[in-house]
Amino acid sequence: MAPNLYLATSGGLAIAEGSGGDWRVVGRALEGDHATSVIAREGVILIGTRRGVFRSDDGGRTWDDASAGLAHRHVRWLAYHPDRSDLEFAGTEPATIFVSHDGARSWRQCEEVAALRDRLGWFLPYSPAAGCVRSFTLQGNRGYAAVEVGGLLRSDDGGETWALAVGSDGIPRRGRPLAGRVHPDVHSVVGHPSSADLVYCPTGGGFYCSRDGGQAWECRYDCYCRAVWVDPADPDRLILGPADGVDRNGRVEESRDGGASWQVASDGLGVPWPRDMVERFAQVGDQLLAALSGGQLFAAPLATLIWRRILPDIAGVSAAATMAG
């Protein structure tokens, strides 16, 4: 029996139960809300929406508002620290980071992030808001946060305070970044358990990798991309969702050499999608899930990467999570 799958969708939260690789919907919640992100661990589910964070302690049957101190209610991403209980992070639109030490019962704003946002003029091309924080990765005292459009933030105190990574100047300029720097349109950030210095960033101007904690960057794929999965057992195995532009000719490709070369890994997908691309990847056991920008959800065994659509009756999927211990 697979664990329950919690899906953030444009119509609230969907809960699915899995068995033998098949999934079926067993519950829904917050159906009037546009959900953007979801995390679950230690029996608690947190869901981020455009009007704040909600918490459930009973498997999604009942929900409490968990937005005290959240000055900006449009949540774009939620994350928890993998090693520290009741330490959660919320990235919002406009771009700000909020930290909770009590399971989202209260939040503290990281004022230094808002100051960078206002001083550097972070923005979004599709919204009047001043940028957004849309991804986190945390390991020990090190943390990284992705800013669209602004760059990459780094923390060295467990996510309590944040500053620009050395290789990200925070200037939301168009075109190519200066040599050795990451593109400022950072869509997500993924670390690796082998080293807190090893970090990957899909961006609006390529797929980037740093091996020194974000000081120097190398573009490993000249494309538009939002999502990457990195094998926790092998940092050279990467699965990327590249496209030719915003939601244009999206596909899935794999690298076994850290991004030096790429091969198509799109069996069963019918790519390129003319008006779609991978928005997020999520690993569930030995399966990899891919949520597309159009809201469809696909799954593939990591061993074969032969994809199939799952839960076709659920529309507008943006994020997926299972319950962590």
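1. A nonpolar core here is a set of buried Ala, Val, Leu, Ile, Met, Phe, Trp, Tyr and Cys residues joined through side-chain atoms within 4.5 Å. With that in mind, and remembering that this is a predicted model, have a look at the largest such core, which has 34 residues. Leu 13, Trp 63, Ile 97, Trp 122, Phe 136, Leu 153 and Trp 162 are the members that touch the most others. A second core, separate from it, holds 17 residues, among them Ala 227, Val 278, Ala 290 and Leu 305.

2. Next, the pockets. The largest has a volume of about 1,400 Å³. Its lining counts 43 residues, with Tyr 80, Phe 136, Thr 137, Val 190 and Gln 283 nearest the centre. By class, that lining is made up of 31 nonpolar, nine polar and three charged residues. Phe 136 is worth a click, as it appears both among the best-connected core members and by the centre of this pocket.

3. The second largest pocket encloses about 770 Å³. Of its 37 lining residues, Arg 76, Tyr 126, Arg 134, Arg 226 and Glu 279 are closest to the centre. The lining divides into 11 nonpolar, 13 polar and 13 charged residues. Strands β4 (35–41), β8 (75–80), β20 (224–230), β24 (278–284) and β28 (317–321) each contribute at least two residues to it.

4. Finally, do check Arg 134, which sits in strand β12 (residues 132–139). This arginine counts as buried because its relative accessibility is 4%, below the 20% cut-off. Beyond its sequence neighbours up to four places away, Arg 134 touches Arg 76, Trp 77, Tyr 126, Ala 146, Glu 148, Val 186, His 187, Arg 226, Glu 279 and Arg 280.

Technical notes:
Residues are numbered from 1 along each chain as its sequence is written. This is a predicted model: local features need pLDDT of at least 70, side-chain atom pairs count only at pLDDT 80 or more; totals for chains, interfaces and linings use all residues. Side-chain values use heavy atoms; hydrogens and water are left out. Buried means under 20% relative accessible area, exposed over 50%, partly exposed in between (1.4 Å probe, protein chains only). On a 1 Å grid over the protein atoms alone, a cavity is a set of points where a 1.4 Å probe fits but cannot get out, and a pocket is an open set with protein on both sides within 12 Å along at least five of seven lines; lining residues have an atom within 4 Å of a point. Grid points are joined across faces, edges and corners, and a volume is the space filled by probe spheres set on the points. Ala, Val, Leu, Ile, Met, Phe, Trp, Tyr, Cys and Pro count as nonpolar, Asp, Glu, Lys and Arg as charged, and the others, Gly among them, as polar. Helices (H or I, at least four residues) and strands (E, at least two) are DSSP runs, numbered from the N terminus. Contact means heavy atoms within 4.5 Å.
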